[in-house]
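Trainee: Could you take one part of this model and go through it closely with me, starting from its pairing and moving outward to its surroundings? I would like a connected account rather than a list.

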Amino acid sequence: RIRATVDFWDDQDDVYAIELGRNQPVYVGLTGTDPSVDLSLAFWLPQARSVERVADFRYRIRTSARTGSRQYLSYKPRLAATFYVQVRMSSPGRTHYRLTVIKG
């Protein structure tokens, strides 16, 4: 579990590396403390070098589709590697959040 803060104007993205084994499922849950703030989650392949460059968007393999401060994703990789989870603040404001990562 990770506790952190995002700020729309100053620190809009947090990115975390997650090492996974071949066929090892992972479940990621995000809960913001302010329910009026819109947060999002994205899961990136190891080849991604940036979460901001349009050229790297092809390496984004999962994104949360809900609005609000609670988001969930799951993934099961075919190869062992280091993947990346991105927490993004999608609406103006500042909030604390809890990111929970559960590996299968």
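Mentor: What follows is a close look at one strand, its partners and the core around it, with a few other sites afterwards. Please keep in mind throughout that this is a predicted model.

The part I have chosen is strand S4, which covers residues 39-44. Six of the six residues of S4 are buried, so the strand is largely enclosed by the rest of the structure. Its side chains divide into two sets, with Leu39, Leu41 and Phe43 pointing one way and Ser40, Ala42 and Trp44 pointing the other way, and all of them are buried.

S4 has pairing partners that can be followed residue by residue. With S7 it pairs in the antiparallel sense over six bridges, and within that pairing Ala42 has Gln86 as its bridge partner, while Trp44 has Tyr84. With strand S5, residues 60-63, S4 is joined by three bridges, again antiparallel, and here Phe43 stands opposite Arg62.

S7, which spans residues 81-89, is also joined to strand S2, residues 13-20, by eight bridges in an antiparallel arrangement. In that pairing Asp14 stands opposite Val87 of S7, and Val87 is also one of the residues that Leu41 of S4 touches.

The contacts of Leu41 lead from the pairing to the packing. Leaving aside residues up to four places away in sequence, Leu41 touches Val28, Leu30, Arg62, Thr63, Ser64, Gln71, Tyr72, Leu73, Val85, Gln86, Val87 and Leu99. In the largest nonpolar core, which has 20 residues, Leu41, Phe43, Val87, Tyr97 and Leu99 touch the most other members. Two or more residues of this core come from each of strand S1 (2-7), S2, S3, S4, strand S6 (70-75), S7 and strand S8 (94-103), and S7 gives the most, with four residues. A second, separate core has five residues, among them Trp44, Ala48, Val51 and Tyr59. Leu41 and Phe43 on one side of S4 and Trp44 on the other can thus be followed into these cores, with Leu41 and Phe43 in the largest one and Trp44 in the second.

Further along the chain, the largest pocket has a volume of about 170 Å³. Its lining is made up of Leu45, Pro46, Gln47, Tyr75, Pro77, Arg78, Leu79, Ala81 and Phe83, and by class these are seven nonpolar, one polar and one charged residues.

Two single residues complete the view, and they can be read together with strand S3, residues 26-32. Thr100, which has its place in strand S8, has a relative accessible area of 17%, and because the cut-off for buried is under 20%, Thr100 counts as buried. The C-alpha atoms of Thr100 and Leu30 are separated by 6.5 Å, although the two residues are 70 apart along the chain. Not counting residues up to four places away in sequence, Thr100 touches Arg1, Tyr27, Val28 and Gly29. Asn23, by contrast, lies in the loop between S2 and S3, and it counts as partly exposed because its relative accessibility is 35%, which falls between the cut-offs of 20% and 50%. Its phi is near 60°, a positive value in a residue other than glycine.

Key: Residues numbered from 1 in each chain as written. Predicted model: local features only at pLDDT ≥ 70, side-chain atom pairs only at ≥ 80, totals over all residues. Heavy atoms only, no water. Pairing = 2+ DSSP bridges. Buried < 20%, exposed > 50% of the residue type's maximum accessible area, 1.4 Å probe, protein only. Core = buried A, V, L, I, M, F, W, Y, C linked by side-chain atoms within 4.5 Å. Contact = heavy atoms within 4.5 Å. 1 Å grid on protein atoms, 1.4 Å probe; cavity = no way out; pocket = protein on both sides within 12 Å on 5 of 7 lines; lining within 4 Å. Points joined across faces, edges and corners; volume = space filled by probe spheres on them. Nonpolar A, V, L, I, M, F, W, Y, C, P; charged D, E, K, R; others polar.
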